[in-house]
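Below are some notes on the model you sent. They cover single residues, aromatic pairs, the nonpolar cores, and the open and closed spaces.

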Amino acid sequence: MNAPTPTPAIVSERSAERLPRLVLLLLCIAYVVPGVFGRDPWRNADLSAFGFMASLAKGSAPWWQPAIAGIPAEGGPLPYWLGALAIKLLPWLDAAVAARLPYALVLAGVLVLVWYAAFHLARTEAAQPIAFAFGGEAQLVDYARALADGALLAMIATLGLLLLGHETTPELLQLLAASCYLYGLAAAPYRPGRSRLAVFAALPLLAASGAPSVALWLGALGLVLAHRSSYEAAQRLRVWLLASMATAVMAAWLFDAWAWRLRPMADLPALINLIAWFTWPVLPMSLWALWRWRSHRLRRHITIPLVCALVPLGACVAMNGADRALLLALPALAVLAAFALPTLQRGFAAAVDWFSVLFFSAFVLFVWIYYLSMHTGWPAQPLANVRKLAAGFEPSFQLLPLLLGAAGTLAWLALVRWRTARHRHAIWKSLALPAGGVAAVWLLVMTLLLPPLDYARSLTPLLASVRPHLPLDAPCVAGRGLSLPTLAALQFQGGWRMEARSDLSRSACPYALLQAGQSMPAGWVLVAEVRRPTDRSGAQALSVLRRP
């Protein structure tokens with residue numbers, strides 16, 4: 001008989017030290033909560049999604065077909081139901097904040113599912129580290145917990161999740177479904193009941209959120225993995241996978257979620273650049289894990305996350321570099337990256353530490369310099385830059401953001417001191433500074449720099465420019481040709497009833513808004529031309545028209 005191939009993981013008992021739970025909890029809070037409060041919906045997908053949610057909550061569109069100014073949403077309505085229900089259940093909160101709260105819980109759920117997926121995969125026999133001749137190797141549960149901590153840190157450290165993970169868009173619900181599916185496959189040998197429920201719920205949720213093709217590909221490849229698994233409980237998952245796929249097809253048909261989004265790949269360098277920065281640092285670590293564990297490439301702790309990553313990567317390529325499709329690969333890549341941790345050389349870990357210290361400390365200093373300049377005028381150049389990029393913005397001092405920013409800075413300095421003051425043996429140590437740095441920077445930006453950022457990325461300044469020229473009591477405002485974010489801001493933040501389905505020549509509305517560059521039709525009089533203060537080119541300017 002051939003002896004089993006030894007694993008590349010060499011982990012001592014003290015290297016399987018787990019991350020203190022209070023520290024892990026505070027890190028997750030610092031990553032998830034900032035950005036939920038104190039800002040308006042931001043342009044493009046975030047604002048469009050809020051508009052569809054508000055259309056349901058305020059009764060301007062049927063629940064089966066969310067719409068903004070008569071323009072229906074693409075994909076299934078399920079993600080918009082989530083935000084709309086929150087708006088109705090929390091009427092005392094600002095509608096945008098209420099819609100954002102359940103999505104913050106969705107992001108927290110993604111982090112929890114990534115942790116448990118890595119934990120169960122690390123418990124398999126093939127994933128265990130080499131046993132030492134005289135003992136002292138990591139124990140199974142301790143090793144699995146340490147790797148799961150590493151996977152969670154890798155997820156937080158990923159650049160692509162930072163902005164998209166804090167939006168209220170259908171892709172975040174898709175991310176939850178992909179994480180749930182990954183967990184269901186991973187936990188099958190140990191939590192058969194929960195794993196069946198997870199895979200049964202994941203694929204219909206993915207389909208109803210606008211990704212039915214990804215759901216079917218994941219289900220088909222999951223069937224192959226379950227069929228060839230040596231675990232009887234994993235083999236029994238086949239029936240549940242078939243039922244989940246069938247339910248996903250029904251959900252996609254019922255919610256009209258099928259959409260042809262394939263686009264030919266036009267710019268290969270741009271695609272490579274997107275994948276490189278979007279998946280940093282989990283993709284290079286995942287590739288290293290695949291190389292170091294190549295003799296175990298058919299084991300479930302490698303094949304399951306690999307399959308769950310390849311399907312979204314393929315969707316991203318087929319959609320000509322769609323970053324929102326690539327988002328679904330991050331949970332699986334984070335789990336794969338965790339299996340690189342026991343194989344990393346000390347020199348690589350030191351290089352990651354020093355790069356993180358220098359990069360994130362410089363960014364923290366940059367934020368504080370801009371904050372100081374905005375509120376004291378010294379140094380003068382940062383304030384001049386802010387006023388140039390966000391014309392019309394005037395800073396105002398608030399105590400709470402200052403206290404939160406100071407707490408985040410002190411936490412970052414404490415983490416740097418902890419990591420550099422002594423040698424730590426925990427296998428997740430290489431990801432402590434990258435994850436902590438991302439969370440600290442996000443916290444500081446969402447507190448100290450949130451006012452100018454919100455001014456620049458929201459459409460509230462545009463509404464202020466429109467309001468003097470467009471009466472709120474107008475029965476309706478024609479807006480054919482305007483973008484969905486602009487229509488959403490005008491209707492659900494500005495308070496005007498927008499109509500975007502009819503041409504201006506046939507519209508019965510007494511007022512209209514026309515995008516810059518479009519010719520004014522006959523029968524209308526120009527009232528004013530307005531634009532967002534941060535739109536220096538004037539490409540997004542609007543013309544306010546009225547009937548003579």
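1. Is Ala 322 buried or exposed? The model is a predicted one, and in it Ala 322 has 13% relative accessibility. That value is under the 20% limit, so Ala 322 counts as buried. The residue sits in the loop that runs between α14 (300–318) and α15 (323–326). From Ala 322 to Pro 312 the C-alpha to C-alpha distance is 9.9 Å, with their positions 10 residues apart in sequence.

2. Ser 195 belongs to helix α8 (residues 192–208). Its relative accessibility is 1%, so Ser 195 counts as buried. Beyond the neighbours within four places in sequence, Ser 195 has contacts with Gly 184, Ala 187, Ala 188 and Leu 237.

3. The aromatic pairs in the structure number 19. One of them joins Phe 200 and Trp 240, edge-to-face, with 6.2 Å centre to centre and 90 degrees between the planes. Phe 200 is in helix α8 and Trp 240 in helix α11 (residues 237–254), so this pair links distant parts of the chain, 40 residues apart. Both rings belong to partly exposed residues: Phe 200 has 32% relative accessibility, and Trp 240 has 31%.

4. Trp 293 and Phe 339 make another edge-to-face pair, because their ring centres are 6.1 Å apart and their planes stand at 85 degrees. Trp 293 is placed in the loop between α13 (282–292) and α14, and Phe 339 in the loop between α16 (330–338) and α17, so the pair ties together parts 46 residues apart in sequence. Here the partners are buried: Trp 293 has a relative accessible area of 1%, and Phe 339 has 1% relative accessibility.

5. One aromatic cluster is formed by Phe 355, Phe 359, Phe 360, Phe 363, Phe 366, Tyr 370 and Trp 412.

6. The largest nonpolar core has 188 residues, and the members that touch the most others are Tyr 31, Phe 50, Met 155, Tyr 181 and Met 498. Helix α4 is the top contributor to this core, giving 18 residues. With neighbours within four places in sequence left aside, Met 155 is in contact with Val 110, Leu 111, Val 114, Leu 161, Leu 175, Leu 330, Pro 331 and Ala 334. A second core, separate from this one, has 8 residues, among them Leu 504, Cys 509, Ala 512 and Leu 514.

7. What is the volume of the largest pocket? The value is about 1,200 Å³. Its lining holds 48 residues, of which Ala 30, Pro 34, Leu 404, Gly 408 and Leu 443 are the closest to the centre. Two or more lining residues come from each of α1 (21–32), α17 (346–376), α19 (399–421), α20 (432–445) and α21 (450–457). The most come from α19, with 10 residues. By class, the lining has 36 nonpolar, 8 polar and 4 charged residues.

8. The cavities of 30 Å³ or more come to 3. The largest cavity has a volume of about 60 Å³. Its lining is made up of Val 32, Gly 35, Val 36, Arg 100, Tyr 103, Ala 104, Leu 107, Gly 165, His 166, Glu 167 and Leu 172. Helix α4 (residues 95–122) gives the most to this lining, with 4 residues. The lining of the largest cavity divides into 6 nonpolar, 3 polar and 2 charged residues.

Methods: Residues are numbered from 1 along each chain as its sequence is written. This is a predicted model: local features need pLDDT of at least 70, side-chain atom pairs count only at pLDDT 80 or more; totals for chains, interfaces and linings use all residues. Side-chain values use heavy atoms; hydrogens and water are left out. On a 1 Å grid over the protein atoms alone, a cavity is a set of points where a 1.4 Å probe fits but cannot get out, and a pocket is an open set with protein on both sides within 12 Å along at least five of seven lines; lining residues have an atom within 4 Å of a point. Grid points are joined across faces, edges and corners, and a volume is the space filled by probe spheres set on the points. Ala, Val, Leu, Ile, Met, Phe, Trp, Tyr, Cys and Pro count as nonpolar, Asp, Glu, Lys and Arg as charged, and the others, Gly among them, as polar. A nonpolar core is a set of buried Ala, Val, Leu, Ile, Met, Phe, Trp, Tyr and Cys residues joined through side-chain atoms within 4.5 Å. Buried means under 20% relative accessible area, exposed over 50%, partly exposed in between (1.4 Å probe, protein chains only). Contact means heavy atoms within 4.5 Å. Rings of Phe, Tyr and Trp (its six-membered ring) pair if their centres lie within 6.5 Å; planes under 30 degrees apart count as stacked, over 60 as edge-to-face and the rest as tilted.
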